[in-house]
Amino acid sequence: MSEKLKIGAVIYAPQVTVIWGIIADFFEKEGFPIEPVYFKDYKGQVDALLNNEIDVAWNSPLAWLDGYLRSGGKTLNGAMRDTDQDRQSYLVVNDPTIQSIEDLKNKTIAFGAIDSPQARLIPIEFLHQHGLEFGQDYVEKRFDVGVGLHGDHVGGELDAANALKDRQVAATWMLDFNFERWTKDGTLDPATVQVLAKTPSFDHCIFSGRVGLDEIKFNAFTETLFKMDYNNPEHKEMMDLEGLKRWVAGRTKGFAQLQAANEYLKFF
């Protein structure tokens, strides 16, 4: 590969530069040099992808949708983490008198940041599908932590969970992984909280390629990613930091709920 492929990554946490340093070293050894390019938020990264300033973007689902819509569906779709597939958001309560979604009518529901797919956008679409209309049938209490990072952090979700624990809200939304973690580490008491509802499964992050990128080169990038092995200690460090056991083929069918949420809320 004569020219380094420029790969965009948003610095949602300090470990991002460590993660991409390891990936770049691996690609160098494979004879496929890449150049990580860092962004402070996803809008800047999508802008750069559409302006051909980078070749590939490690996108959140909302950033994927932004690029997809703005390119007329022409951006390329690449790999995902194994953990990006078949995620769910949980509607969590700690009041035994709340037995159904209908019981939340006129009550206050907590959400993560305004641009969080899993803690706000998909949940609002889910409530709409189950008879509770946004801005009408419940009060939204939003925790806007890390706006621009598309929920790639626990900040807003964690604040919303604590609001539930402190009984400031009747219910809150969180990613399945976070519910499992917080009921194990004591953030939430598993004896008092219960999952009232779960969204259908959806997918999370995905690599997007710029319009006009040589698809052979893009596919070669993906195939090289697939060579990373969790049993290799050097790769394991990166994979643990990034939350995966293996890279898998990407898909877009898992973004349908987010697309519906965007249409319902007119987010973009």
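**Note on backbone outliers, helix α4 and salt bridges**

1. In this predicted model, Asn106 counts as exposed, at 62% relative accessibility. Although Asn106 is not a glycine, its phi is positive, at about 70°, and the residue sits in the loop between β6 and β7 (108-111).

2. Asp86 likewise carries a positive phi, here of about 60°, without being a glycine, and its place is the loop between β5 (80-81) and β6 (89-93). With a relative accessible area of 44%, Asp86 is partly exposed, because the partly exposed class covers values from 20% to 50%.

3. The side chain of Asp86 is also engaged in a salt bridge with Arg251, where the closest N and O atoms are 3.0 Å apart. This contact connects distant parts of the chain, since Arg251 belongs to the loop between β12 (247-248) and α9 (256-265), 165 residues apart from Asp86. Arg251 counts as partly exposed, at 22% relative accessibility.

4. What is the burial state of Glu242 and Arg81, whose side chains meet in a salt bridge? Both residues are buried, and the N to O distance of their salt bridge is 3.6 Å. The pair again links distant parts of the chain, with Glu242 in helix α8 (residues 233-242) and Arg81 in strand β5, 161 residues apart.

5. A further salt bridge joins the side chains of Arg70 and Asp47 at 2.5 Å, N to O; Arg70 lies in helix α3 and Asp47 in helix α2 (residues 42-50), 23 residues apart. Arg70 is partly exposed at 43% relative accessibility, and Asp47 is partly exposed as well, with a relative accessible area of 21%. Through shared partners, salt bridges gather Lys43, Asp47, Asp66 and Arg70 into one network. The count of salt bridges for the model comes to 15.

6. Helix α3 (residues 61-70) also contains Tyr68, which, together with Leu69 and Phe268, makes a nonpolar surface patch of about 270 Å². Tyr68 counts as partly exposed, at 31% relative accessibility, so this residue passes the patch criterion of over 30%.

7. Helix α4 (residues 117-129) deserves a separate look, as it bends by about 30° at Pro123. The helix is mostly covered, with 11 of its 13 residues buried, and the buried residues include Pro123 itself, along with the charged residues Arg120 and Glu125. After α4 comes Gly131, which has a positive phi near 95°.

Technical notes. Residues numbered from 1 in each chain as written. Predicted model: local features only at pLDDT ≥ 70, side-chain atom pairs only at ≥ 80, totals over all residues. Heavy atoms only, no water. Helix = DSSP H or I, 4+ residues; strand = E, 2+ residues; numbered from the N terminus. Buried < 20%, exposed > 50% of the residue type's maximum accessible area, 1.4 Å probe, protein only. Patch = residues over 30% accessible without salt bridge, like charges linked within 9 Å, V, L, I, M, F, W, Y side chains within 5 Å. Areas by Shrake-Rupley, 256 points an atom, 1.4 Å probe, with all protein chains shown as cover. Salt bridge = Lys/Arg side-chain N within 4 Å of Asp/Glu carboxyl O. Bend = angle between axes of the 7 residues up to and from the residue.
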